[in-house]
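Trainee: Got a minute to go through this one with me? I'd like to start with the fold and then ask how far to trust it.

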Amino acid sequence: MSTWYILDAMNRIIAAGGDWNAFAAENDTPSAAVENIVGRSLEEYVSGLETQLYLSSLFQLCREAETAHAFLYRCDAPWMARLFQMRVEPGDNPGELRVIHELIRSREARDEGSKEVELAAAGGAPRCSICNAIKLGDAWHDVYARPERKFFVSGYALCPSCSAHDSLHQGDKLLRIFDAAPSASQD
Ligand SMILES: [Zn+2]
């Protein structure tokens, strides 16, 4: 599973391809089909101001330094825990960027820590939009919960570890958490 899109200098999606349509159909989100996203601003698809700022600074870095940057993030489906890599690289024309999302690990979803998440969500706890950690009290906890409405949090933010822009450390952390899940069955 791999999808890509090209952003213009204003972060508008000017082309997209890969498994977009299969992915949109699988996730029951036909609005995410290629014909519906081309011409839109990427910002429309990014929840939370902190995450938007994180991405725009990454895009700026990539445009200025003309180097590629990649990081791992969680994007779970109701039936599956999924770990993706997002890679941003300079595009073919000035100001353009190519963004590639690739599924690197998946496994059957279980209700890992659901009770904690349900309580936290009801209490208005924010969730990290990159690693899915949820803020319980003063600390961030890495828990998996099916993306059901009762687990939806009041807002998205970035946990300190993801906002540190240390993709190597953050990648290690996400892999460790993903692989350490109780009785995980790897695909
Ligand atoms: Zn995080």
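Mentor: We'll take the sheet, then the helices, then the confidence scores. Keep in mind that this is a predicted model.

Trainee: How many strands are in the sheet, and in what order?

Mentor: Five, arranged β2-β1-β5-β4-β3 in an open sheet with antiparallel pairing. On average, the twist from one strand to the next is 20°.

Trainee: Which strands stand at the edges?

Mentor: β2 (13–18) and β3 (69–74). Each has a single partner strand, so one side of each lacks a neighbour in the sheet.

Trainee: And how many bridges hold β3 and β4 in register?

Mentor: Six bridges, in the antiparallel sense, with β4 covering residues 80–90. If you want a spot to look at, Ala70 sits opposite Arg87 in β4.

Trainee: Helices now. Where does α3 lie?

Mentor: Helix α3, residues 49–65, lies across β3, β4 and β5 (97–108). The angle between α3 and β4 is about 35°.

Trainee: What does α6 touch?

Mentor: Helix α6 (residues 167–179) packs on the sheet and touches β3, β4 and β5. Its direction makes about 30° with that of β3.

Trainee: Changing topic: what's the average pLDDT of the chain?

Mentor: 82, with 86% of the residues scoring at least 70.

Trainee: Which elements have the lowest and highest means?

Mentor: Helix α4 (residues 114–122) has the lowest mean pLDDT, 72, and strand β1 (residues 2–7) has the highest, 94.

Trainee: Where does pLDDT stay under 50?

Mentor: Over residues 183–187. For that stretch the model has seven contacts beyond four places in sequence.

Definitions and conventions. Residues numbered from 1 in each chain as written. Predicted model: local features only at pLDDT ≥ 70, side-chain atom pairs only at ≥ 80, totals over all residues. Pairing = 2+ DSSP bridges. Helix = DSSP H or I, 4+ residues; strand = E, 2+ residues; numbered from the N terminus. Axes fitted to C-alpha atoms, helices over the stretch in contact; angles between N-to-C directions. Contact = placed C-beta atoms within 7 Å. pLDDT = per-residue confidence, 0-100.
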